[in-house]
Structure formats: C-alpha cells, structure tokens
Amino acid sequence: MELLYEIQVDNGSRYHAIGDESLMLKPEEYCVVRKDFYTDYARVIKICREATPEDHTQEPQGPDKKTETPIIQRKATVVDQSKAHENLARAKSAMRTAAQHVELLQLPMKLINAHYSFDGKLVTIQFSAEGRVDFRELVKQLSSALNTRIELRQIGVRDETAAIGGIAPCGRILCCCSFLKDFASINVKMAKEQDLSLTPSTISGVCGRLKCCLKYEHEGYLEMEKTMPRRGDCCECAEGRGRIVDRNLLTQKVAVCLDETNRTVICHRDEVTVVYPEKHKYSKKSGGANSGQNSKNSENETGKGVS
C-alpha cells in the first residue's frame, strides 16, 4: 500500500511525496526522494493518508503541464546523512558565491538561503525583492561558477520569515514555521472585531505584516463576541448600576464603571445585566412634555370659555 507523505527540505520548502508503506517511515525521520530529474534529502513532517491514483500527478503552478508527484525511494541511512551534511556546507559556499555576483551585478535582491539537491544536480537559491528582478545574467554566471543547474526562486516576506524561523511575540515558535503554510488575506477589520489595539507594533508579526493568527482565530472571536455586551452599554451588577468601559473576550469578563462612586469593578458577563436607562428617560421626558402640552391646551380652552 502506498501512503501520501508531507516532507520538508532544509530550505523550508514543503511538498507531498508518495512512499510505500513497507518503508516504515515515521514523522521526523529522513528519506531520499526522487523528484523530476534529481534526488533530494528530506524530513518527514507527517503521514497524510493512503495515496490514490490522482495523487500521482500534481497540479501545475504555472503554464507547465501536470508533473509527477515525487516518489520516496528509501529511508535515509547514516551514509545519506553524512552526504546531506556535506551538501549543507556546499550550500553555504554557494551563498557566498551568489552574494559576490549579486553585488557585482548590483541587483536589488536579498539572498535568503541556498539548497543543494542530494545528488548535486540542482542548486535552488531563494531571494526576496520589492519588485521583479531580471536575474538571467546572474543565473548564467552562477551556473558557470558552480558548474551545476541553478534555480532562483523569489519569495515574499511571509515565506522569508517561515524559511528563517524565529520566536513570535507570544513566546512560541512562529506559526508559519510550525503548522501554518497557507497565507490567507488579512485586514485590520479582523483586529477591530477581536478588540485588539490597532497599534502597528501590536498587530504586526515578525515579518512586518499583520499577524497570521488574526485570520485563523477570527471565527472563534466572533463566536465569543455574540454573548458579550459592548463597550458603552449601561448595565447593572452586584455593585450597582454603571457603564461598561472595557471587556476581554477570552476571559469573558467586563470592566464596569459605577455611576455613584465612579469606581471600576471587574465582573463576569453572566453577572451583569444590560439596561438602557436613556430610553426610559426619553420616554419619561416625552411623556412629561406631552402632559405639559395638554395642560397648556386646557388653559387655553378655559380662557376662551371665560371670555
């Protein structure tokens, strides 16, 4: 039986590969993969499911035709691991060579990492740039200097951060490095609906873009917000009547500023009852105005009768 695996190479790129169940591959183990015209050394991220006939072809990412899904040839041995370490050293040397040529050609690009395929037939160099870069001359020079096939791949700032890695402001490993691989569209409205401060340093991640967690946590915050009173609502609690000045969706607690003492108390949302005294005052005021108008009309009618 064939299984579909998710694997990752040393430059952070992930893709799916098919391997036989007899390989007994487990997550965090290494394997040798046959991809296109070269072989690669990769780490198993997870076992997705049993492979289907449709999994043997991949959808094209551009104008190219469908390509065959990489095939896992074998579990990596100690010899394979030693060769992979040599390729890491060669990749660092290739980065230095590429940096020299980029400087000579004065190209507006930032090199991120280099990756040697397991058999050395391909060197993949990832870079970031603000716009499009004409790197055709760079490819020619690098191909001649390294004596191998060169592939330059431009990636965005989010992918750059995922490749480099780091620690998020929450103290955990960056989501893009651990589990999040699809970068969805994010906007400031999501931060507003989660009662977050709109300070750029607060809602921005290490990459300088809006935090990815604003998107995948958004639905949960909207669900919690349904049962929460809003800021500015008049309410009654055990301490008396007041107005809600702050709230915390995660803890489901609100801060109430009491009308009589101007003191702020923290209460659970179940301990407060939202009221609207302005409506009652408006009704009472309206009633008083009507009664005054009725009295005035009565006096006018009486005056007319006397005359």
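A pocket here is an open set of points on a 1 Å grid over the protein atoms alone, with protein on both sides within 12 Å along at least five of seven lines, and its lining residues have an atom within 4 Å of a point. The volume is the space filled by probe spheres set on the points.

This is a predicted model, and totals for linings use all residues. Residues are numbered from 1 along each chain as its sequence is written.

Let's start with the second largest pocket, which has a volume of about 540 Å³. It's lined by 29 residues, and the closest to its centre are Ala 168, Cys 175, Lys 211, Cys 212 and Cys 213. Helices (DSSP runs of H or I, at least four residues) are numbered from the N terminus. Those giving two or more residues to this lining are α3, α4, α6 and α7.

Now for a helix pair: α1 (residues 78–105) and α2 (residues 136–146) pack at about 140°, with axes 10 Å apart. That makes α1 oblique to α2, a word for angles that aren't under 35 degrees, over 145 or from 65 to 115. Ala 94 and Leu 105 are among the α1 residues in contact with α2 (heavy atoms within 4.5 Å).

Here's how both sets split by class:

| Set | Nonpolar | Polar | Charged |
|---|---|---|---|
| Second largest pocket lining | 19 residues | five residues | five residues |
| α1 with α2 contact | eight residues | three residues | one residue |

Ala, Val, Leu, Ile, Met, Phe, Trp, Tyr, Cys and Pro count as nonpolar, Asp, Glu, Lys and Arg as charged, and the others as polar.

Note on methods. Predicted model: local features only at pLDDT ≥ 70, side-chain atom pairs only at ≥ 80, totals over all residues. Heavy atoms only, no water. 1 Å grid on protein atoms, 1.4 Å probe; cavity = no way out; pocket = protein on both sides within 12 Å on 5 of 7 lines; lining within 4 Å. Axes fitted to C-alpha atoms, helices over the stretch in contact; angles between N-to-C directions.
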